[in-house]
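Open your viewer and get your selection tool ready. We will go from stop to stop, and at each one you will hear what to select and what to look for.

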Amino acid sequence: MSNITDIIHSIPVDPLTGAISVPIYQTSTFIQEAPGVNKGYDYARSGNPTRTALEDLIAHLEDGQVGAAFGSGLAAIDAVIKLLQSGDEILAVDDIYGGAFRLFTQVYQKFGITVNYVDATKAENVFDAITPKTKLIWIETPTNPTLKIADIAAIARIAKSSGCWLCVDNTFASPALQKPLSLGADIVVHSATKYLGGHSDLIAGLVVTKEKELGEKIRFIQNASGAILSPFDSWLVIRGIETLPLRIKQHCANAQLVAEYLEAHLAVDKVFYPGLPSHVNHEIAKQQAKGFGGIVSFSLKNDTEEAAVKLVISTKLFKLAESLGGVKSLLCHPANMTHKSIPAAKRRAAGVADSLVRLSVGLEDAEDLIADLEQALNQLSNTEGVSSLTEKKQIAI
Ligand SMILES: *Cc1c(COP(=O)(O)O)cnc(C)c1O
């Protein structure tokens, strides 16, 4: 069965009424016939049928055994960290999502959980950085905002041989492109706020485990800590997933065209997109994912914050906002926005140049998006004045 048919038909029809859309069970509790005798639900923190439909759906899509839905991506990440105990170490990808970095360092460090960071683009780096205390390896692939790729299968083998769990934050790729559990990972997390929801209208997080036993532990934490997703937002994520493969196909096609356009532009320095043959990990990306996603980052030849700021306020279709993965194209300037809290030298060393701009390429027509970037880049060279014009002339000669 094709991926799309499978997704559409793995969303259950309501067994009670035949409703084709999953009903929203807006209830806090469930009446019991006798103490402990119920229809599978007792209290809606512990379980809600709308949430269950989403949890089973994401487990199925990620080829896992157990899914759990949370009130945000960070709440999902938080639940995974609660599998650990004081004295355990996490080995995390060095350009990890900023919110995860803050959670690790400002919340969990004081409980004795420490984190080491590693460039995971080479699996041997991960192997070398493991210590006897490493309990969890944490990767994102592609990463944010420089779209670095890690070899999931190779790192999964390292995790297995070292007796630790591998968790992959699969937010950027989504299960429409990449299934980490099938490549050997133990846990997948999502910010469903992004591609799974897909419409920039909710905050949600998901955890999926490959094994039932680990999934039961996550479920226990979900109920014990209580950061559950509401019935309505669960329904919105299900609704988003119905069109996930179609949307992702278009995000990828548009992003590829935008990346190719930018790579040929004289005002652009580097373009980061795994779908470009010039990307360092293009081959691994091609092997482990069905496509390269909708996020494209690029830096400018005039590598200044001023130039990037001018660019991001000059686009008309690309709206200036944090977040990604929605229908409408967004752009942001990480140095001033998502990565502002990171000291400049550390940020630059991680490949986030002062002029780096991140695009979340949406579902508009690619030619309109490219025209929008073109007019914004032109404005840049108009005010940059003589230097960039001279440079262009020299290249022309
Ligand atoms: C947005 C994001 C998160 C956090 O998710 P929220 O839903 O905002 O809590 C985690 N990981 C990645 C890769 C993200 O992009």
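One definition will serve us throughout: a residue is buried when its relative accessible area is under 20%, exposed when that area is over 50%, and partly exposed in between, using a 1.4 Å probe and protein chains only. This is a predicted model, where local features need pLDDT of at least 70 and side-chain atom pairs count only at pLDDT 80 or more, while totals for chains, interfaces and linings use all residues. Residues are numbered from 1 along each chain as its sequence is written, and side-chain values use heavy atoms, leaving out hydrogens and water. Helices (H or I, at least four residues) and strands (E, at least two) are DSSP runs, numbered from the N terminus.

**Stop 1: a strand with two partners**

Select strand E4, residues 134–140. Is E4 enclosed or open? Of its 7 residues, 6 are buried, so E4 is largely enclosed by the rest of the structure. Two strands count as paired if DSSP finds at least two bridges between them. Now add strand E2 (89–93): E2 and E4 pair in the parallel sense over 4 bridges. To see one of these, pick Glu 89, whose bridge partner in E4 is Thr 134. Next add strand E5 (residues 165–169), which pairs with E4 in the parallel sense over 5 bridges. Here Ile 139 stands opposite Val 168 in E5. While you are looking, remember that in a regular strand the side chains alternate between the two faces of the sheet.

**Stop 2: the loop after E4**

Move on to the loop between E4 and helix H6 (152–162). Most residues other than glycine have a negative phi, and most peptide bonds are trans. With that in mind, select Thr 141 and Pro 142: the peptide bond from one to the other is cis, with omega near 0°. Then select Asn 144 and Pro 145, which are also joined by a cis peptide bond, with omega about 0°. Both Pro 142 and Pro 145 are found in this loop.

Leu 147 lies in the loop too. Its phi is near 55°, a positive value in a residue other than glycine, and Leu 147 counts as buried at 1% relative accessibility. For another positive phi, jump to Ser 174, where the value is near 75°. Ser 174 sits in the loop between E5 and E6 and, at 0% relative accessibility, counts as buried.

**Stop 3: salt bridges**

A salt bridge here is a side-chain nitrogen of Lys or Arg within 4 Å of a carboxyl oxygen of Asp or Glu. How many salt bridges are there by this rule? The count comes to 10.

Begin with Lys 148 and Asp 94, whose closest N and O atoms are 3.9 Å apart. The pair links distant parts of the chain, 54 residues apart: Lys 148 is in the loop between E4 and H6, and Asp 94 is in the loop between E2 and helix H4 (98–108). Asp 94 is partly exposed, at 36% relative accessible area.

Next, select Lys 286 and Glu 283, where the closest N and O atoms are 3.7 Å apart. Both lie in helix H10 (residues 282–288), 3 residues apart, about one turn of the helix.

Now try Glu 305 and Arg 347, whose side chains meet in a salt bridge of 3.9 Å, N to O. Glu 305 lies in helix H11 (residues 305–312) and Arg 347 in helix H12 (residues 344–349), so the pair ties together parts that are 42 residues apart in sequence. Arg 347 is buried, with a relative accessible area of 4%, whereas Glu 305 is partly exposed at 26%. Add Arg 348 and Asp 354 to your selection: salt bridges that share partners join them with Glu 305 and Arg 347 into one network.

**Stop 4: an annotated lysine**

Which residue does UniProt list for "modified residue: N6-(pyridoxal phosphate)lysine"? The unreviewed entry lists Lys 194; UniProt positions are given in the numbering used here, feature names are shortened, and annotations may be inferred rather than shown by experiment. Look for Lys 194 in the loop between strand E6 (187–191) and strand E7 (205–209). Lys 194 counts as buried, at 10% relative accessibility. Contact means heavy atoms within 4.5 Å. Not counting residues up to four places away in sequence, Lys 194 touches Thr 171, Ser 323, Leu 324 and Gly 325.
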